[in-house]
Amino acid sequence: AIFAAIIYILVRLWKGVPSEEIMRPLMEFQKETPNGIWKNKFFSVQSSPFSSYEWEDVHIQGLFGDLHIDVTDTVLPKGTSLISVRQGIGKIKIDLPYEIPVRIHYTTLFGDARLFNTHKKRLINESLHMKDSYEGVQKDSAELIITLSTWAGDVEVTRK
């Protein structure tokens, strides 16, 4: 495949096609979305930016590494927002503001869960579901759904 791509590029250059025109599709493919802050990586340690950022639903997949998602530095839109993480091995830490109602779905083969400063719960091939701050919530307010799936990893969700 690589050999064929090199021959294609050489033939196009030989025919007089400018190199910018040949490489443009590759450059457009590599560009990130303007607000994208998360990347799917096999091995990484990722964290939310240190400054305020515009909210986008978060979908992350990784094999090994730690993730830290801080939702306190953004404004969630009205309606339902989503954080979805599929991680092989590593710790996932999520910081939430106090006023946002949240539903958490956590599935793991082996891991510890500490949700909202409760005692640590060891899970072995189990799922955990939890709701928080839904009392007195208005119908059109913001809501956050968090789905986490790990092979072996700890999850910590706190309010600050």
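**Group meeting: a strand residue, a core and a surface patch**

Good morning. I begin with Ile 89, which has its place in strand β5. Please bear in mind throughout that what we are looking at is a predicted model.

Is Ile 89 buried or exposed, or does it fall in between? Its relative accessible area is 40%, so Ile 89 counts as partly exposed, that class lying between the 20% and 50% limits. Ile 89 also belongs to a nonpolar patch on the surface, together with Leu 63, Phe 64, Leu 109, Phe 110, Ile 124 and Trp 151. Taken together, the residues of this patch have about 690 Å² of accessible area. Two elements, β3 and β7, each give two or more residues to the patch.

Let me now place this in the whole chain. There are two helices and ten strands. Along the sequence, both helices precede the strands, in the pattern α-α-β-β-β-β-β-β-β-β-β-β. The chain has 160 residues, of which 35% are buried. It exposes about 10600 Å², and carbon and sulfur atoms supply 59% of that area. As for contacts between residues at least 6 apart in sequence, 62% of them join residues at least 24 apart.

I turn next to the interior. The largest nonpolar core comprises 27 residues, and those with the most contacts inside it are Ile 83, Ile 94, Leu 96, Leu 144 and Ile 146. Which elements give two or more residues to this core? They are β3 (58-64), β4 (67-70), β5 (79-89), β6 (92-96), β7 (102-115), β8 (121-132), β9 (142-152) and β10 (155-159). The greatest contribution comes from β7, with five residues. Strands β3 and β7 thus appear in both settings, giving two or more residues to the core and two or more to the surface patch.

Ile 146 deserves a closer look. If we set aside its neighbours within four places in sequence, Ile 146 is in contact with Ile 83, Ile 94, Leu 96, Val 102, Arg 103, Ile 104 and His 105. Three of these partners, Ile 83, Ile 94 and Leu 96, are themselves listed among the residues with the most contacts inside the core.

I close with a polar residue, Asp 70, in strand β4. Asp 70 has a relative accessible area of 9% and is therefore buried, the limit for that class being under 20%. What does the side chain of Asp 70 make a polar contact with? The partner is the side chain of Thr 72, at 2.4 Å.

Thank you for your attention.

Note on methods
Residues are numbered from 1 along each chain as its sequence is written. This is a predicted model: local features need pLDDT of at least 70, side-chain atom pairs count only at pLDDT 80 or more; totals for chains, interfaces and linings use all residues. Side-chain values use heavy atoms; hydrogens and water are left out. A nonpolar core is a set of buried Ala, Val, Leu, Ile, Met, Phe, Trp, Tyr and Cys residues joined through side-chain atoms within 4.5 Å. Buried means under 20% relative accessible area, exposed over 50%, partly exposed in between (1.4 Å probe, protein chains only). Helices (H or I, at least four residues) and strands (E, at least two) are DSSP runs, numbered from the N terminus. Contact means heavy atoms within 4.5 Å. Accessible areas come from the Shrake-Rupley method with a 1.4 Å probe; for residues, only the protein chains shown count as cover. Patches are made of residues with over 30% relative accessible area and no salt bridge: like charges are joined within 9 Å, nonpolar side chains (Val, Leu, Ile, Met, Phe, Trp, Tyr) within 5 Å. A salt bridge is a side-chain nitrogen of Lys or Arg within 4 Å of a carboxyl oxygen of Asp or Glu. A polar contact is a pair of N or O atoms within 3.5 Å; within protein, one must be able to donate a hydrogen and the other to accept it, and residues adjacent in sequence count only if both atoms are side-chain atoms.
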